[in-house]
Each structure stands twice: as C-alpha cells, then as structure tokens.
Amino acid sequence: MRLTNVLFKKVKSKRIMVVLESVVSGHQFNAFRERLADKLELIRFDPYIQKESLYRERKKIRSA
C-alpha cells in the first residue's frame, strides 16, 4: 500500500437529505440541509388539510 492511499480520507458532503413530516396530518416531503445545522422546522402548505402546517425533520435519508 502506498503512502498516498493512507493519507486520503473519504470526504463527507456538506449537505444531507432529510424527511420532513407534517405535525397535523403526517404528510411528508424531502429537503436538504447543511450537515452541521440544527434540525429543520418550518411552516408550509399541507395538501391533505388544505392549510399551512408545521413540518418537523423526522430522519436523515442520505448524504447529498
């Protein structure tokens, strides 16, 4: 094994894809956020109840 192979590390991306879920109806959608940022929480239109609703980050899907 060469010395250069030892020195290289796998680079992590700066952004990750997460699932956001409506607190009211359970409707979900995917979004991106910075890896080091706080968990996402936002208000967005919910098509199930036809009103704006609070969405919270549920889980990480993958690196982006």
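**Reading a small sheet, one residue at a time**

Visitor: Which residues does S22 touch, leaving out those up to four places away in sequence?

Guide: S22 touches H27, D46, S53, L54 and Y55, once residues up to four places away are set aside. Keep in mind that this is a predicted model.

Visitor: How do I read whether S22 is buried or exposed?

Guide: Look at the relative accessible area, where anything under 20% counts as buried. S22 has a value of 4%, so it is buried. This serine lies in strand β1. The strand, residues 15-22, is mostly covered, with six of its eight residues buried. Across the chain, buried residues make up 22% of the 64 residues.

Visitor: What does the side chain of S22 make a polar contact with?

Guide: Its partner is the side chain of S53, at 2.9 Å. S53 also has a place in the sheet: it is the bridge partner, in β4, of R44.

Visitor: Let's step back, then. How many helices and strands does the chain have?

Guide: There is one helix, and there are four strands. Following the sequence, you meet them in the pattern α-β-β-β-β.

Visitor: What holds strands together in a sheet, as a general idea?

Guide: Strands pair through backbone hydrogen bonds, and they can do this in a parallel or an antiparallel way. Here the four strands form an open sheet with antiparallel pairing, in the order β2-β1-β4-β3. At the edges are β2 (28-34) and β3 (41-46), each of which pairs on one side only. Neighbouring strands are turned by 45° against each other on average, ignoring direction.

Visitor: How many bridges join each pair of neighbours?

Guide: Let's walk across the sheet. β2 and β1 pair over seven bridges, and one place to look is M17, whose bridge partner in β2 is F32. Next, β1 and β4 are joined by seven bridges; there, V19 stands opposite K59 in β4. Finally, β3 and β4 (residues 51-63) pair over six bridges.

Visitor: The chain has to turn between strands. What should I look for in the backbone there?

Guide: A good habit is to check the sign of phi. In the hairpin of β1 and β2, five residues sit between the strands, and G26 takes a positive phi near 90°. Now try the loop between β3 and β4, where you will find Q50. Q50 has a positive phi of about 60°, although it is not a glycine. At 55% relative accessibility, Q50 counts as exposed.

Visitor: Where is R35 found, and what does its side chain contact?

Guide: R35 is found in the loop between β2 and β3. Its side chain makes a polar contact with the side chain of S63, at 3.0 Å. The two residues are 28 apart along the chain, and their C-alpha atoms are separated by 8.6 Å. Beyond its close sequence neighbours, R35 touches several residues, including K12, K14, I16 and K60. With a relative accessible area of 25%, R35 is partly exposed.

Visitor: How much of the contact in the chain comes from residues 24 or more positions apart?

Guide: Such pairs account for 40% of the contacts with a separation of 6 or more.

Visitor: And what does the chain show on its outside?

Guide: The chain exposes about 5,400 Å², and carbon and sulfur atoms supply 54% of that area.

Note on methods
Residues are numbered from 1 along each chain as its sequence is written. This is a predicted model: local features need pLDDT of at least 70, side-chain atom pairs count only at pLDDT 80 or more; totals for chains, interfaces and linings use all residues. Side-chain values use heavy atoms; hydrogens and water are left out. Two strands pair if DSSP finds at least two bridges between them. Helices (H or I, at least four residues) and strands (E, at least two) are DSSP runs, numbered from the N terminus. Axes are lines fitted to C-alpha atoms, for helices over the stretch in contact, and angles run from 0 to 180 degrees between N-to-C directions. Buried means under 20% relative accessible area, exposed over 50%, partly exposed in between (1.4 Å probe, protein chains only). Contact means heavy atoms within 4.5 Å. Accessible areas come from the Shrake-Rupley method with a 1.4 Å probe; for residues, only the protein chains shown count as cover. A polar contact is a pair of N or O atoms within 3.5 Å; within protein, one must be able to donate a hydrogen and the other to accept it, and residues adjacent in sequence count only if both atoms are side-chain atoms.
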